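Here is a small set of exercises to work through with the model open beside you. Try each task before you read its solution.

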Amino acid sequence: MAPATGADGSAGTSRGHRNRHAGLINGRSDQRPFHQRTTDKEREMTQARRARVGIIGLGSMGMGMATSLVDAGFTTWGCDLRPDARQAFDAHGGRAVATPAEMAAHVDVVVSVVVNAEQTREVLFGPQGIADGLASGSVIVSCATCAPDAVVALGDELSTRGLRLLDAPISGGAAKAAQGALTIMASGPADVFDSVEEVLDALAAKVFRLGDAMGQGSQVKLVNQLLAGVHIAAAAEAMAYGIRGGCDPQVLYEVITQSAGNSWMFENRVPHILEDDYTPRSAVDIFVKDLGLVHDTAHRDKFPLPLTSQALTMFTQASAQGHGGDDDAAVIKTFPGFGLPSHAANDADTGEEE
């Protein structure tokens with residue numbers, strides 16, 4: 001994997017995803033002369049030199065990341081409390097365990113895909129945590145959305161144990177995780193990046209190197225989550241307003257996605273509303289958490305974020321109404337008189353709530 005920096009070493013340049021499957025060149029079978037092809041022994045030697053990777057958290061994102069690593073040829077361990085998740089990972093060719101401690105002796109790169117800083121701390125330093133069992137020099141890649149100062153504290157604590165941290169939040173959703181096509185926004189020492197670049201290449205289409213300072217990856221992720229949450233809340237408000245005004249929901253969606261008011265979140269989330277499908281791809285409570293982090297870090301510095309504050313109120317209200325585990329598009333249910341799209345015309349005429 002080429003480092004994600006420009007020729008002048010500037011940070012923030014992305015690099016494209018490469019086909020990682022053995023024997024394939026741009027999706028075609030290997031047409032090189034036989035004597036130039038990779039032999040089984042060479043593949044075994046490459047495998048032996050590669051990092052042994054553990055994924056902690058086989059949820060919607062972690063499972064896709066873990067299977068991408070298996071598909072890329074890495075010996076990959078996966079940890080999850082849920083037996084069904086472990087069975088699914090085993091079936092894909094991974095090696096599944098129930099606790100982080102069980103994989104410690106078998107891995108030298110740990111990718112933590114949990115919810116927040118508290119869970120990250122638990123899987124590292126808790127009673128069944130992995131940190132005490134890792135060899136000195138091992139790397140932890142932290143993908144949770146965290147406050148920057150929490151990541152700095154984790155890095156300091158790991159360094160006292162001879163372990164290294166890469167602050168590496170992720171974006172892209174479950175589908176891109178399964179394709180090995182995430183965006184990773186990461187910060188940390190150059191030698192840590194270099195030691196895990198093949199792992200990152202298997203996981204991501206774009207890796208942004210954001211400098212050596214621990215916490216910068218998390219700060220950029222919080223900016224992303226601010227925008228994502230505000231855009232989802234705005235999309236829900238716009239659709240509720242249009243439906244209340246008598247617009248055909250499907251036609252409204254088609255018009256807006258071809259107009260200046262469109263956003264990636266509008267285009268991605270509104271179909272969940274149109275299909276009345278709130279199966280969580282990313283849940284309401286995720287944005288209660290993430291926008292709460294954004295709000296708290298800004299409040300500490302007395303920095304006003306009025307749009308974030310309003311979006312956080314909307315997601316919190318949706319959660320309080322029982323939609324916390326639903327897809328984040330369910331924030332639309334906070335609007336008075338909102339009904340399902342199939343009932344929108346009746347709702348608009350009578351003003352009755354569902």
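## Exercise 1: A three-stranded sheet

Ile170 has Ile184 in β10 as its bridge partner. This is a predicted model, in which local features need pLDDT of at least 70 and side-chain atom pairs count only at pLDDT 80 or more, while totals for chains, interfaces and linings use all residues. Residues are numbered from 1 along each chain as its sequence is written, and side-chain values use heavy atoms, with hydrogens and water left out.

**Task.** Starting from that bridge, work out which strands are the edge strands of the open sheet.

**Solution.** Step one is the vocabulary: strands (E, at least two residues) and helices (H or I, at least four residues) are DSSP runs numbered from the N terminus, and two strands pair if DSSP finds at least two bridges between them. Step two: β9 and β10 (residues 182-186) run antiparallel and are joined by two bridges. Step three: the open sheet has three strands in the order β9-β10-β11, with mixed pairing. The edge strands are therefore β9 (170-171) and β11 (204-209), because each pairs on one side only.

## Exercise 2: Strand β6 and its neighbours

**Task.** Find which residues in β7 and β3 belong with Val110, then decide whether the faces of β6 are covered or open.

**Solution.** Begin with β3 (residues 53-56), which pairs with β6 in the parallel sense over four bridges; here Gly54 has Val110 as its bridge partner. Next, β7 (residues 139-142) runs parallel to β6, again with four bridges, and Ile140 in β7 stands opposite Val110. Between β6 and β7 the chain passes through helix α5 (residues 117-125), giving a right-handed β-α-β crossover (with the strands pointing away from the viewer, the path from the first strand over the helix to the second runs clockwise).

For the faces, recall that side chains in a regular strand alternate between the two faces of the sheet. In β6 (residues 109-112), Val109 and Val111 lie on one side, Val110 and Ser112 on the other, and all are buried, so both faces are covered. Buried means under 20% relative accessible area, exposed over 50%, and partly exposed in between (1.4 Å probe, protein chains only).

## Exercise 3: Positive phi

**Task.** Asp276 and Lys302 each have a positive phi; where are they, and is each exposed or partly exposed?

**Solution.** The background is that most residues other than glycine have a negative phi. Asp276, with phi of about 50 degrees, sits in the loop between α12 (264-274) and α13 (284-300). Because its relative accessibility is 38%, Asp276 counts as partly exposed. Lys302, with phi of about 55 degrees, belongs to the loop between α13 and α14 (306-323). At 79% relative accessibility, Lys302 counts as exposed.

## Exercise 4: Cysteines

**Task.** How many disulfides are there, and is Cys143 buried or exposed?

**Solution.** Take a disulfide as a pair of cysteine sulfur atoms within 2.5 Å; the count is then zero. For Cys143, the nearest cysteine sulfur is that of Cys146, 9.9 Å away. Cys143 is buried, because its relative accessibility is 7%. Cys247, at 34%, is partly exposed.
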